[in-house]
Amino acid sequence: MAKGKGRILSIQSHVAYGYVGGKAAVFPLQCLGYDVDVRLLVEIAQPTSGYGRFGGPRATAAELEQIIGVMEQNGLLQQDRLLTGYIPGAEATAAVTALAKKLRERNPELIYLLDPVLGDSGRLYVAPEVVPIYQAALPLATIITPNWFEVEVLTGIKITDAASLRRALQTLHETYRVPNVVISSIPLRPWLTELLPPNLRPPADAADADYLACIASSRANGTSSAIDSTAVYAKTFPCLPGYFSGVGDLFSALVLAHFDASGESEGRAEGESPLSHAASQAVSKTHAILLLTHEAALELPEDERQATDEELDAREPMRKIKRMRGRELRLIQGQDIIRGTQPIEYRQLERWGDFWAA
């Protein structure tokens, strides 16, 4: 009988249709050999960020504490790993943080991936009072997977150049004591292109706006200075046209699934660290799933793949709904990609040796 890789407690949102939150995370984790215990914090009829129309109940902090209490009484809080994503409201965020603290105290080797779902592209998804609770939770995490905007919110540093990017990572490592940081996506602006070593830049004829970068930074245990002890890796990758929901949830789940602190990950390439290997696997598989989804969407009837037009979408809501419905992640169709049995392009993050150079 095949041996499982361990047990994960997943706490995040759930959608009735499509693949966002737990729906985008649990199946990939199971495909990769993990048992997953799920606690849903909010049930949404449709993904909030795509369809426009949404609704559903939210779990209160008291309900979460009650369920966790029963699990504890029955000896069911024995997970090796913890994954948390979107959490609705300050009270629920505080309750999840208290649970993470309890699990960390019970098992110092717990691998906790905290995906701080705060917002994107300059807009918060959560109330401002949630931010300091997330900041207080950061030292409990093994890995965090914020996008560039969430890094700015958590650190209070607007990322506009090399110095601010370095300060932001240094703050996460030193002030908040996060050992592993993966900036899941950051727009490849001219200043970042110039900062990257030549081997990490996209092709010379590629426009900056058409690429994103993923940056992974690991701080060695027991060190006091991030600058002296941090290994930074990066990879640029092309954007696909259109909007997809659930991408960050899938990416974070894949990072957690492929992270092996012992450094003995199967298939780990030469020169990869435990974090860069996990991030490389996540970037590669997420991009392959997006490409599969994009190609499937191109085959849909014309009225289900119309270009985004905010004015027309507002006037005809079904126009947007049809487009988003056709762009739901093809996780079931792409399960061989997730399992690693279907060949895909391996987008390996490479060492950024002079990142901390002034």
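This section describes the fold content, nonpolar cores, internal cavity, cysteines and selected backbone features of a predicted model.

The chain comprises 14 helices and 11 strands. Of its 358 residues, 54% are buried. Contacts between residues at least 6 apart in sequence are formed in 74% of cases by residues at least 24 apart.

In soluble globular proteins, nonpolar side chains tend to be buried together. In the present model, the largest nonpolar core contains 61 residues, and I215 and W352 have the most contacts inside it. Helix α4 is the element that gives the most to this core, contributing six residues. The surroundings of I215 were examined with residues up to four places away in sequence left out of the count. Under that condition, I215 touches L165 and L169, together with V181, V182, I183 and I186. The contacts of I215 further include V232, Y233 and A234, as well as W352. A second core, separate from the largest one, consists of 40 residues, among them A25, V26, A231 and F251.

Rolling a probe the size of a water molecule over the atoms shows where empty space is left. The structure holds one cavity of 30 Å³ or more, and the volume of the largest cavity is about 40 Å³. The lining of this largest cavity is formed by T84, I87, T93, V96, T97, Y112, L114, Y134 and A137. Two or more lining residues are given by each of α4 (90–106), β4 (111–114) and α5 (130–137). The greatest contribution to the lining comes from α4, with three residues. By residue class, the lining of the largest cavity contains six nonpolar and three polar residues, and no charged ones. Helix α4 thus gives the most both to the largest core and to the lining of the largest cavity.

Residue A92 lies in helix α4. Because its relative accessible area is 3%, below the 20% limit, A92 is classed as buried. When residues up to four places away in sequence are not counted, A92 touches A61, L64 and I87. One of these contacts, I87, also belongs to the lining of the largest cavity. A92 and A59 are separated by 33 residues in sequence, while the C-alpha to C-alpha separation in space is 7.8 Å.

A disulfide is a covalent bond between the sulfur atoms of two cysteines. With a sulfur-to-sulfur limit of 2.5 Å, the model has zero disulfides. Among the cysteines, C31 has a relative accessibility of 12% and therefore counts as buried. C214 is likewise buried, with a relative accessible area of 0%.

Most residues other than glycine have a negative phi. S121, which is not a glycine, has a positive phi of about 50°. The location of S121 is the loop between β5 (119–120) and β6 (123–124). At 60% relative accessibility, S121 lies over the 50% limit and so counts as exposed. A positive phi, near 55°, is also found for R177, a residue other than glycine. R177 is placed in the loop between α7 (162–175) and β8 (180–187). With a relative accessibility of 53%, R177 is likewise over 50% and is therefore exposed.

Definitions and conventions:
Residues are numbered from 1 along each chain as its sequence is written. This is a predicted model: local features need pLDDT of at least 70, side-chain atom pairs count only at pLDDT 80 or more; totals for chains, interfaces and linings use all residues. Side-chain values use heavy atoms; hydrogens and water are left out. On a 1 Å grid over the protein atoms alone, a cavity is a set of points where a 1.4 Å probe fits but cannot get out, and a pocket is an open set with protein on both sides within 12 Å along at least five of seven lines; lining residues have an atom within 4 Å of a point. Grid points are joined across faces, edges and corners, and a volume is the space filled by probe spheres set on the points. Helices (H or I, at least four residues) and strands (E, at least two) are DSSP runs, numbered from the N terminus. Ala, Val, Leu, Ile, Met, Phe, Trp, Tyr, Cys and Pro count as nonpolar, Asp, Glu, Lys and Arg as charged, and the others, Gly among them, as polar. Buried means under 20% relative accessible area, exposed over 50%, partly exposed in between (1.4 Å probe, protein chains only). A nonpolar core is a set of buried Ala, Val, Leu, Ile, Met, Phe, Trp, Tyr and Cys residues joined through side-chain atoms within 4.5 Å. Contact means heavy atoms within 4.5 Å.
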